[in-house]
Amino acid sequence: MPTPTRSRDLSVFVNAALRKPGLVGAVSPSSARLAEQLSVVVPRSGRPTVVELGAGSGAVSRVVGKRLPTGGRHLAVEIDPTLADHLRAAHPELTVVCGDAARLRALLGEEQVGSADAVVSGLPWSLFAVEAQRRILGEVAGALAPGGGFSTFAYRHAAHLAGARRFRRLLDEYFDEVVTTRTVWRNVPPALVYVCRRPRVPGPAAG
C-alpha cells in the first residue's frame, strides 16, 4: 500500500503531467527499481555532488538520497515551478533549483558548484528537438567531474522509434562509454537505462 508521502507524490506528478505533458513526458513516476538502476552512477564514498535533472515529484530523488554518502550534496533541477515547490516541501534535504537543464552549468554556478560527480536524468528526451538534446547533453558533459557518470532512461516500447535511435546515437557522440542495462520490467511502462562515462567533447559555454 502506498505511503501518504508517495500518494502525495503521485498526485502532484499526475497533475503536472496533465498541465504540461510536453515537459513531464510520462504517465507515472519512475519505479523504485528504475530509480535504483539510474542511481548506479552515484558514488558511495567521499562527499560527492549529485545532480538530478527533471526530478519531478521526487521518486528518483528518494533512492539517490539513500545511496548518497554522508556529506554528499544532492541538487535537483526541475523546470516546473509547482513540482519544484513540492520537492522543497517533501524533500528538505535537497537543494532544489527551478530552471532549465539546458543552462545546467550556469545554474550550478549560481549554487557555487563547479562540477558534478554524477548526473541522473529523468528528462523526456523523446519530446525534445535534436538541438535541445545536444544542448543539454553538452551541458552535462561539461559539468561532469573527471571520472563522473551520467545516467538516463528510455521506454522500451519506444526504443526503436526514429527519435529514440537518434538520441542513442547522440549518447555515443558525447560519451566514450555507453552501457545499456537490462529492461526494468517493474516500471510503467518498462524502461531501460543508459549509463554513460568519459565525455568525448566539452559542452557549450554556459549562460
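A residue counts as buried under 20% relative accessible area, as exposed over 50%, and as partly exposed in between. On that scale Asp176, at 41% relative accessibility, is partly exposed. The model examined here is predicted, and a look at its charged side chains turns up eleven salt bridges.

A good place to start is the pair formed by Arg198 and Asp176, whose side chains meet in a salt bridge with an N to O distance of 3.0 Å. This pair joins distant parts of the chain, as Arg198 belongs to strand S7 (residues 191-199) and Asp176 to strand S6 (residues 175-180), with the two positions 22 residues apart in numbering. Arg198 has a relative accessible area of 45%, so this residue, too, is partly exposed. The contact does not stand alone: Asp176, Glu177, Arg198 and Arg200 are linked in a network of salt bridges.

Helix H8 offers a local example. Here the side chains of Asp172 and Arg168 form a salt bridge at 2.9 Å, N to O. The two residues lie four positions apart in helix H8 (residues 162-174), which means that about one helical turn separates them. Asp172 is partly exposed at 37% relative accessibility, and Arg168 is likewise partly exposed, at 21%.

Another salt bridge brings together the side chains of Glu110 and Arg103, with 3.8 Å from N to O. Glu110 has a relative accessible area of 53% and is therefore exposed, whereas Arg103, with 32%, is partly exposed.

Methods. Residues numbered from 1 in each chain as written. Predicted model: local features only at pLDDT ≥ 70, side-chain atom pairs only at ≥ 80, totals over all residues. Heavy atoms only, no water. Salt bridge = Lys/Arg side-chain N within 4 Å of Asp/Glu carboxyl O. Buried < 20%, exposed > 50% of the residue type's maximum accessible area, 1.4 Å probe, protein only.
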